[in-house]
Structures are given as C-alpha cells and as structure tokens.
Amino acid sequence: SRLCFVTEGILLRWLQDDPALSDVGIVVFDEFHERNLLSDVALALVKQLRRTSRPDLGIVVMSATLEAEPVAVYLADAVPETVKSAPAPVLSSEGRTFPVEVRWADYNDSRPEWEQAASAVETIVGNGWEGDILVFMPGMSEIQSTLRSIGSARIGERVELMALHGDLPPEEQDRAFQPCPVRKVVVSTNVAETSVTIDGIRHVVDSGLARVARHDAERGIQTLLVEEISRASAEQRAGRAGRTAPGTCWRLWTEGGHLNRPDRNTPEIRRADLAEVVLLLHSLGVERAVDFDWLDKPDPAAVQRAEDLLVTLGALGHEGVAAGVGRLTEMGRHMLRMPMHPRFARMLVEAGRRGCVPAAALCAALVSGRDLLQRIGRDDVHLKERREVFEAAGASDFHTLLRAQQFARNVSFSVEACRRSGIHAATARQVEDTYRQLMQVARREGLVPRDKAPATTAGVGPARPGEGEGVTLADPEALERCIV
C-alpha cells in the first residue's frame, strides 16, 4: 500500500485529470472540522464518484472536534442508487489526555492582547510551574509584539522565545519542536491549534483571536479580519496543554464573554469567494453550481456573483447564465489550467497578449497576501516623505506597490531598511516567492518564452532616483488594461 499526503487543491487537480481516481482506493479527509472550502468540494465530488462509477472507493472523514452526525447523514447516500442507504458509521477514539485547568480573565482588560499575554507568562514562570508555554496570537504582527513584550517583562528565569507561523522558513519552524535546555515560550498562530503537537507544552495562553478570510462582495476581494474564535476552537487550543501532562489554559477573556461566542467556526463556503470553485465545477460538468450536492449550501447570491464574474472574465458563455447555467469557454479552460484565482489567471492571459507578464504577475502577488506597506501614523513625517517617493510613480495604487517592492529588492529585503521606508520586509519576501511561482506558471502556459530568465525587476522602474538599475515599464497603459 502507498500513503500519499496531499492538499485538497491537489486532490481536486487529480479529479480533473482522472475523474475516476483510478489509482486511489481510499480518500481520507483529516482535520475536516476546519471546513475548508476546497475540502467541502472535494468531499462532495468523491461522494458523487462513489455513488456512480466507483462504489468500491472508501471515504473516511476525521477530526478531533468534528460534529460527526451531520457528516454521517450527508454520506448516507454515498452508495450506488441500487443499495439501501444508511448513515455512515461513526467511530470514536478518545485517546489519552490529561486534565487542563482553565483560568479566565477577571474583567475586560483594555490593554493590547500581547501585553496581557506577557503578564500571563510572567505569572506562570513566577509561580514556578514547570513546562513550556504556548501563546496563541492571530498573526505575525501580534506575534512579534508579544515576543517583545515577554522579552521586556520581569521573568525570573531564562526562557527561549520563538515564533511559529506558516510564513517562517522550515528550519525556523522546526525550532519550536526541538528539545531546548531552558523553558520554551512559543508564540503561534492557529497553525498550532490542531495540526501539530509540541512536546513539553504544559501551559497555553490564548488571546481568543484568529485571522479569518472573508470575501468582501462589495469590493470583490478577499480580506483577512481579526475575529473572536469559536468555543470549539478554544477547546482545541486548551487541549494543547494536556497532551503529555496536566496543564493550564489562560484565556484572556471573561467566562461570561465565552458564552457569547459561536459554538463552531463558520464553514468557509459561507464566507469565501466561490469563483474558483464554480469554475472547477463547470469543468467537471456541473453547470448549475447552486444545485450541487454541498454539505452546507452556500448563499445562492454568492454563487450568482461567482457566475457573473466568470462571464465578465470570459470563462463562461452568456447563454443561460441568468438561469444559473453557463458553458465553459476556451478562455475558461485556459484559466482552469492555472492554479490561482480566476481574476489573476485572466490578468496573466491578457498580460501575455500585451507583453507585460512580469509586471502583471507581480501585481497578482502583491494583492494575494498581506499588506506590503505599513500604516503611517498621523505624526510620522519621515514615513510620509518616504511614501510620497513611491506614490509619485503614477495614478494607480499598483504603481506605488510595484515601486515599493522594487525598493525592497534593491536593499535585499533588509528588515531595517524596509522598516525605515514603511515596508513589511517579510511580506516583501513572500511577495517575491509568489511572484516567481506565478512566473513559472506563465512560462508553462506559454505566456512568456520558457528560455527567458526570471525577471528580477518585474518591468518596473527604480524605486528611488539613483537606487538600482531597474527596467522601465514600456507601456504602463498595457498593465492597467490587464488589471481586472
């Protein structure tokens, strides 16, 4: 037997290339409680496959905190129509856990969450309680603020402070899991909530916050919002302290406030942009996405918005779209081969026609992640002056971001140099990685010559007069026409 660990996106690509999954005997969906949009779609497609041409295909849905009964009922008809259906069997494994004492805030503390977390760490260490400490924060900025606050707190012993989040290099992430001669304090995003276990953790400090992706239908973009976690997520985080020994969980909110939190996380299908998924479904012959066999039905208006966008981009034909039916076009098939949001795929296709693929790829990378530019305080005159240099590039905000990214390249992504110019150095590095991946896709699809060396300047001019050689953008209007 072979075990192949893949993301939901890869599984969906397999289904496109081989709709019968002929080389697969069992599909296991792990950590399903996270209710990822792609995992919901993949489960529905695998269920449909089992009902039709692959009755021998096994389906296993797993999670430590999953509400199992609705999923069991949903899979009841995942059998050929000639077979009498019944809810899928539910198997429970309690495992071995240790008691975790939950401690609540006495009142609503107005201090920033990183200062509250530092106080909790100081109390744990000051009381002499043994064991490493795991602190949950919503994002990189809060993690860095927490590390600084703990570093300046009056802790009576030497501790090793370390961050843990998905944007760290693998070797930096590995540090959190390696033995340490002194007490570890790991400050993490919710990547440590379910997916990994850090040996030695006896205490959890929980900010009760997470960054959640939501689709802004008005602006047509994905946004990351800091929101309160659900009660199920809070229980999952507390359980990190009871994996190897009894522990404590310090929640930075009141017990009364806990009751006002939702029971479980909102499934991503009810808060995400559906354009990419709807395009995939059309490619698989599902022409009425609103009638698809979803575990949780999406808002019909959200499906219609996705259909309308795909028609605007030329991925679907106009015929029958008002009734929720649209035919996949040749442009749609081309876009489908590119593993990215349809907006970005269409932009790169158009850029290939207009000869500005590097600049368009960099624009797509710039809007795919966190904000590149720092917020400027009202009294920060120095940063305002530096920002004006970038903004002088043109009327579009994209020109400002392109020049800021070019500046980060020119200084080799120096944290200090970027900070002085109001640029997030870590974000600039991530943008660069994404840009190079997009350029690889563009070459594979023939949008740029395969033998052309990777563009290091993305077709933008120098960040500041006299800094870097750069390459002048030959036709700014061409880029602006590609941005949709």
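Let me begin with a single pair: the side chains of Arg 231 and Asp 263 meet in a salt bridge, with 2.0 Å from N to O. Arg 231 belongs to helix H8, while Asp 263 sits in the loop between helix H9 (255-258) and helix H10 (275-283), so this pair ties together parts that are 32 residues apart in sequence. Please keep in mind throughout that what we are looking at is a predicted model. Both partners are partly exposed, Arg 231 with a relative accessible area of 23% and Asp 263 with one of 49%. Helix H8 itself, residues 231-238, is mostly covered, since 6 of its 8 residues are buried, and among them are Ala 232, Ser 233 and Gln 236.

Stepping back to the chain as a whole, I count 19 helices and 10 strands, and of its 484 residues 46% are buried. If we take the contacts between residues at least 6 apart in sequence, 67% of them join residues at least 24 apart. The chain exposes about 24,800 Å², of which carbon and sulfur atoms supply 49%.

Now to the interior. In soluble globular proteins, nonpolar side chains tend to be buried together. Here the largest nonpolar core has 90 residues, and those with the most contacts inside it are Val 41, Leu 281 and Ile 423. Helix H14, residues 357-366, gives the largest share of this core, namely 9 residues. A second core, separate from that one, has 21 residues, including Val 121 and Ala 163. Which residues does Ile 423 touch, once we leave aside its neighbours within four places in sequence? Its contacts include Leu 372, Phe 390, Phe 407 and Ala 428.

At the surface, by contrast, I would point you to a nonpolar patch formed by Ile 26, Val 28, Val 60 and Met 62, which together have about 330 Å² of accessible area. Ile 26 is found in strand E1, residues 26-29, and counts as exposed because its relative accessible area is 56%, which is over the 50% cut-off. Strand E1 has a covered face, made of Val 27 and Phe 29, and an uncovered one, made of Ile 26 and Val 28. In a regular strand the side chains alternate between the two faces of the sheet. Strand E1 runs parallel to strand E2, residues 58-61, and 4 bridges join the two, with Ile 26 standing opposite Gly 58 in E2.

Let me return to charged side chains, for the structure holds 31 salt bridges. Glu 416 and Arg 419 form one of them, at 2.4 Å from N to O, and both lie in helix H17, residues 415-420, where they are 3 residues apart, about one turn of the helix. Glu 416 is partly exposed at 37% relative accessibility, and Arg 419 is also partly exposed, at 44%. Arg 444 and Glu 445 meet in another salt bridge, at 3.2 Å from N to O. Is each partner here buried or partly exposed? Arg 444 counts as partly exposed at 41% relative accessibility, whereas Glu 445, at 16%, counts as buried. There is also a network in which salt bridges that share partners join Arg 35, Asp 40, Arg 270 and Asp 296.

I will finish with Glu 122, which is found in helix H4, residues 113-126, and is partly exposed at 30% relative accessibility. Glu 122 and Arg 154 are 32 residues apart in sequence, yet 6.8 Å apart in space from C-alpha to C-alpha.

Methods
Residues are numbered from 1 along each chain as its sequence is written. This is a predicted model: local features need pLDDT of at least 70, side-chain atom pairs count only at pLDDT 80 or more; totals for chains, interfaces and linings use all residues. Side-chain values use heavy atoms; hydrogens and water are left out. Buried means under 20% relative accessible area, exposed over 50%, partly exposed in between (1.4 Å probe, protein chains only). Helices (H or I, at least four residues) and strands (E, at least two) are DSSP runs, numbered from the N terminus. A nonpolar core is a set of buried Ala, Val, Leu, Ile, Met, Phe, Trp, Tyr and Cys residues joined through side-chain atoms within 4.5 Å. Contact means heavy atoms within 4.5 Å. Accessible areas come from the Shrake-Rupley method with a 1.4 Å probe; for residues, only the protein chains shown count as cover. Patches are made of residues with over 30% relative accessible area and no salt bridge: like charges are joined within 9 Å, nonpolar side chains (Val, Leu, Ile, Met, Phe, Trp, Tyr) within 5 Å. A salt bridge is a side-chain nitrogen of Lys or Arg within 4 Å of a carboxyl oxygen of Asp or Glu. Two strands pair if DSSP finds at least two bridges between them.
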